[in-house]
Amino acid sequence: MTVLDIIEKKRDKKELEKEEIEFFVNGYTKGEITDYQASALVMAIYINGMTNEETTNLTLSMAHSGEILDLSKLGKTIVDKHSTGGVGDKVSLILLPLVASFGVPVAKMSGRGLGFTGGTVDKLESIPGYKTDIDINKFVQNVENIGISMISQTLNLAPADKKLYSLRDSIACVESIPLIASSIMSKKIASGADKIVLDVTVGSGAFMKDLKSAEKLAKEMIEIGKLAKRETVAVITNMDEPLGRSVGNSLEVKEAIEALRGNILEDVKHVVLALGSYMLKLSGVEEDLEIAKRMLEENLNNGKAYKKFLELVKNQGGDITYIEDIDNLEETKYIEPVYSEKTGYIYNINAKEIGKLACYLGAGRVTKEDKIDKSVGIELLKKVGDKVSKDEVIAYLHINKPEQLEIAKEKIKEIIKIRKEKQEKLKTIIKVIK
Ligand code: URA
């Protein structure tokens, strides 16, 4: 068997055997298969899709491309969380310390920004000193000592996904159900999760644009979870407008810190409580979802979640003075207000366009090697359904390059759509699939 046979088969819409998938995953992980050959196969999968059996085989061989972390010595059920990606999605930064504040162990391996969406690792790295690439023993030790660790995929956990993830990002092959499902579930299986709560986003700022595809993705991941004996719950959430107020790494960290101090925006709160209540249920802390939500809200308001976040940051080398005083976090040279040109109601803020604008300002990558600017981004002062008056400030642009000022201002005025008629607020939680 050669990689050419495998590429040819998928190119011609044929089903790949388990051995062929394993041959590709192992060869690519070891560097025996080149990036251009992997790109060809990934593009063929993107275009021609995979059967459920192929996706499961791909997931399992990616999960076994490195070590499988055994966290059984912690003596507790490990419930992990992952999102399929979004714009302004700072949920992990809030939710995970919050859940850990109940003694639920959190061992979280996060990703970097992908396509027009942001990534938790890039956000964490905007806290000076915070190390996301710690070794596997330290990762487990952190969870043992303080109950939480949040890291990047630098360890030998699902290394095939690490390579495929950045490859897909640089060849426009992100929005694919088999590729997303295998990427997420391989990471979760490799990092020792017993149970998994998924945030499956849908809408303009998600990789799944309609409910039908989001449901299909959710069901495939639940099915893979079943086969791998990991109970999985998927919460489908709305990503038609950006989540919360800010988009951009440092800005989102600031918003998350405010949320952990109890000042949390409604839409972010709904997502945090929905996912958190399932995490508390699956870990055996609280069976009743409504009671779990009340408990979570209490720990947001009484400072326990914030305290856990401080512990996490300190334990991973981060300088907590930046958390205690968020004004110390890096700021841009220009903070430009954007004024509404009319009176009316916001009826659309296309999340993908906002994500692309944030990337243009420097918050995201175009190639794997790109360095990002942690400080740039967009603050949206209004949500869909909000009333605005002419000349009111509706957004702030955080910019470092003066030549971007006018272009970005024009672009954001185009994206934030206002009309006379009243507009309903968007529903945040769409449904739960188990
Ligand atoms: N998150 C991941 O980890 N992988 C994807 O493919 C998309 C979102």
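1. A disulfide is a pair of cysteine sulfur atoms within 2.5 Å. By this rule the structure has 0 disulfides. The sulfur of Cys-173 has its closest cysteine sulfur in Cys-359, 17 Å away, which is too far for a bond.

2. This is a predicted model, in which local features need pLDDT of at least 70 and side-chain atom pairs count only at pLDDT 80 or more, while totals for chains, interfaces and linings use all residues. Residues are numbered from 1 along each chain as its sequence is written, and side-chain values use heavy atoms, with hydrogens and water left out.

3. Cys-173 is buried, at a relative accessible area of 0%; Cys-359 is partly exposed, at 22%. (Buried means under 20% relative accessible area, exposed over 50%, partly exposed in between, with a 1.4 Å probe and protein chains only.)

4. Residues around the ligand, meaning those with a heavy atom within 4 Å of it, include His-82, Thr-84, Leu-114, Tyr-165 and Ile-180. Strand S1 (79-83), helix H8 (159-170) and helix H9 (177-190) each supply at least two residues of this shell. H9 gives the largest share, 4 residues. Helices (H or I, at least four residues) and strands (E, at least two) are DSSP runs, numbered from the N terminus.

5. Three side chains place a polar atom by the ligand: Arg-168 at 2.8 Å from an oxygen atom, Ser-183 at 2.7 Å from a nitrogen atom, and Lys-187 at 2.6 Å from an oxygen atom. The protein covers 96% of the 230 Å² of accessible area (Shrake-Rupley method, 1.4 Å probe) that the ligand has on its own.

Definitions and conventions: A polar contact is a pair of N or O atoms within 3.5 Å; within protein, one must be able to donate a hydrogen and the other to accept it, and residues adjacent in sequence count only if both atoms are side-chain atoms.
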